[in-house]
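Here is a short note for a colleague who is new to this fold. Please keep the 3D view open while reading.

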Amino acid sequence: MLDGLFVTPAVTAISEALQSARADGKLAVIGNAKLASALSAAQRDVLPVGLSARAAKKLTNALADLSSIETGSLAGVIGVEVASDDGWEITLKDWSRVVRDGGTIVMVDRGRAPEASRRALCAGLCEIEQRHAGRVIVTSGIVTHLS
């Protein structure tokens, strides 16, 4: 999704979202090696997840999926193309599982801002914010685990 675009504006918007949510700690970056590398270079503790085999070879700590990550152990998850994913409900439920209470989920999509907001609301995220970086929309929200 971000392959043909400059990653820097998206990373800036993501960093602003993480700062706003006070998401300090380990972050999973799902589905985009360039984004994982750029955030890691920006002094973030990044765990790349769900990359192609070729991209995963270049990053030492890459995981195939989130199944091995403990529930509530991450400060946040950053993922791409949720607004166009048909299985978004399962995806966001899986992401919420690994994020601690008060952590954040950041969705990076090209366009479709209203749909990204709707999906964040339906997933139970609160304090939803959107930032624009060119045609890229960065939607973030806080995870709350109600017992």
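The points below go through the sheet and its helices.

1. This is a predicted model: local features need pLDDT of at least 70, side-chain atom pairs count only at pLDDT 80 or more, and totals for chains, interfaces and linings use all residues. Residues are numbered from 1 along each chain as its sequence is written, and side-chain values use heavy atoms, without hydrogens and water.

2. Start with the sheet. It is open, has six strands and follows the order E2-E1-E3-E4-E6-E5, with mixed pairing. Strands are DSSP runs (E, at least two residues), as are helices (H or I, at least four), numbered from the N terminus. Two strands pair if DSSP finds at least two bridges between them. E2 and E5 (126–133) are the edges; each has a single partner strand, so one side of each lacks a neighbour in the sheet.

3. Look at E1 (residues 27–30). Leu27 and Val29 point one way, Ala28 and Ile30 the other. All are buried (under 20% relative accessible area, 1.4 Å probe, protein chains only).

4. E1 runs parallel to E2 (residues 46–49), joined by four bridges. Val29 has Pro48 as its bridge partner in E2. Four bridges also join E1 to E3 (residues 74–80), again parallel. There, Val29 stands opposite Ile78.

5. E4 (residues 99–110) and E6 (residues 136–142) run antiparallel, with seven bridges. Thr104 stands opposite Ile142 in E6. Helix H4 (residues 88–98) packs on the sheet and touches E1, E3 and E4 (contact: heavy atoms within 4.5 Å).

Conventions: Buried means under 20% relative accessible area, exposed over 50%, partly exposed in between (1.4 Å probe, protein chains only). Axes are lines fitted to C-alpha atoms, for helices over the stretch in contact, and angles run from 0 to 180 degrees between N-to-C directions.
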